[in-house]
Amino acid sequence: MRILLVEDDRRVAAALSSALTRRGYQVEHAATVAAALSAAPCDLVLLDLTLPDGDGTDLCRELRRRSSQLGIIAVTARGEERDRVLGLRLGADDYVVKPFSMVELQARIEAVLRRAAHTVPERNLIEAGEVRIDVGGRTVTVSGRAVALTRKEFDILLSLARQPGVAVPRDRILLDVWGTTWADRHTVEVHVGSLRGKLGDPTLVETVRGVGYRLRGA
């Protein structure tokens, strides 16, 4: 899960980046509007509205113009109602007023990412090597053999199959399947172990040490 943190106060940015990294996110910091506009693609933007080279509301409008699915949370000291309304009207999904707790910010990030995920059109059929997933019918075959999975096992496999060959962090799986990153990570390990057994080839789902899991590609 990749977050772009747009914040001109480097001490605040360093503290936030550290806290978010500990929670499993990949964080890129941009201190200016220009840097934010040239940053790599991300899943969510934490956007300070007071920036040295422009107004964050204009940046919010441009980011939303570029992508209707990007999660945007305004993180700012501007707490007046008119500022919150303006930010939301310009495309922010949520608005957090400083100071705030990391628990609150984490909850808001998860809520925005869940909403963004539900707006992404899902392919009806996903194929990754010998694994074939019918998303609508919620069925799985491996080399033509039908595999019966529980709801959680299916959702874990689907989370991995959206990016075959790419390591998916445990927190991303928790968010996709359980709707939160606060759940016990051992839960993921247990379900992945069961999933491997049912797929019939333990090497189909690979462990990426220190990150999460990867579905073996074609």
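Let's start with Asp 48: with a relative accessibility of 5%, this residue counts as buried. Keep in mind that you're looking at a predicted model. The protein chain splits into two parts, domain 1 (2-114) and domain 2 (125-215), and their C-alpha centres sit 30 Å apart. Below is a quick tour, beginning with Asp 48 and then moving on to salt bridges, the core, a small sheet and one helix.

**Asp 48 and its surroundings**

- You'll find Asp 48 in the loop that runs between β3 (44-47) and β4 (50-51).
- Why does Asp 48 count as buried? The cut-off for buried is under 20% relative accessible area, and Asp 48 comes in at 5%, so it falls on the buried side.
- UniProt, in an unreviewed entry, places the feature "modified residue: 4-aspartylphosphate" at Asp 48. That label comes from the record, and such annotations may be inferred rather than shown by experiment.
- Which residues does Asp 48 touch, once you skip those up to four places away in sequence? They are Val 6, Glu 7, Asp 8, Gly 56, Val 75, Thr 76 and Lys 98.
- Two names from that contact list, Glu 7 and Lys 98, turn up again with Asp 48 in a network of salt bridges.

**Salt bridges elsewhere**

- How many salt bridges are there? The count comes to 17.
- Take Glu 28 and Arg 2, whose closest N and O atoms are 2.9 Å apart in a salt bridge. Glu 28 belongs to strand β2 (residues 26-30) and Arg 2 to strand β1 (residues 2-6), so this pair ties together parts that are 26 residues apart in sequence.
- Both partners are partly exposed: Glu 28 has a relative accessibility of 24%, and Arg 2 has 26%.
- Glu 62 and Arg 65 make another salt bridge, with 2.7 Å between the closest N and O atoms. These two are three residues apart in helix α3 (residues 56-66), so about one helical turn separates them.
- Here the partners fall into separate classes: Glu 62 is partly exposed at 22%, while Arg 65 is exposed at 61%.
- Over in helix α7 (residues 170-178), Asp 176 and Arg 172 lie four residues apart, about one turn of the helix. Their side chains meet in a salt bridge, with 2.3 Å from N to O.
- Is Arg 172 buried or exposed? With a relative accessible area of 18%, Arg 172 is buried, whereas Asp 176 is partly exposed at 28%.

**The largest nonpolar core**

- The largest nonpolar core is made of 26 residues. Those with the most contacts inside it are Ile 133, Leu 157, Leu 160, Ile 173, Leu 199 and Val 205.
- Which elements give two or more residues to this core? They are β8 (125-128), β9 (131-134), β10 (139-142), α6 (151-161), α7, α8 (185-199) and β14 (212-215).
- The largest share, six residues, comes from α6.
- Helix α6 is mostly covered, with ten of its eleven residues buried. Among the buried ones are Phe 154, Leu 157, Leu 160 and Ala 161, and so are Lys 152, Glu 153 and Asp 155.
- Ile 133 shows what the packing looks like up close: leaving aside neighbours within four places in sequence, its contacts include Leu 125, Ile 126, Val 140, Phe 154, Leu 157, Leu 158 and Ala 161.

**A three-stranded sheet**

- One open sheet has three strands in the order β12-β14-β13, and its pairing is antiparallel.
- β12 (168-169) and β13 (205-208) are the edge strands, as each pairs on one side only.
- What holds strands of a sheet together? They pair through backbone hydrogen bonds, either parallel or antiparallel.
- Between β13 and β14 the antiparallel pairing spans four bridges.
- Look for Glu 206, which stands opposite Arg 214 in β14.

**A look at helix α5**

- Val 103 has its place in helix α5 (residues 102-118).
- At a relative accessible area of 53%, Val 103 is exposed.
- How far apart are the C-alpha atoms of Val 103 and Arg 114? They are separated by 17 Å, and the two residues are eleven residues apart along the chain.

How values were computed. Residues numbered from 1 in each chain as written. Predicted model: local features only at pLDDT ≥ 70, side-chain atom pairs only at ≥ 80, totals over all residues. Heavy atoms only, no water. Domains from an automatic or database assignment. Buried < 20%, exposed > 50% of the residue type's maximum accessible area, 1.4 Å probe, protein only. Contact = heavy atoms within 4.5 Å. Salt bridge = Lys/Arg side-chain N within 4 Å of Asp/Glu carboxyl O. Core = buried A, V, L, I, M, F, W, Y, C linked by side-chain atoms within 4.5 Å. Pairing = 2+ DSSP bridges.
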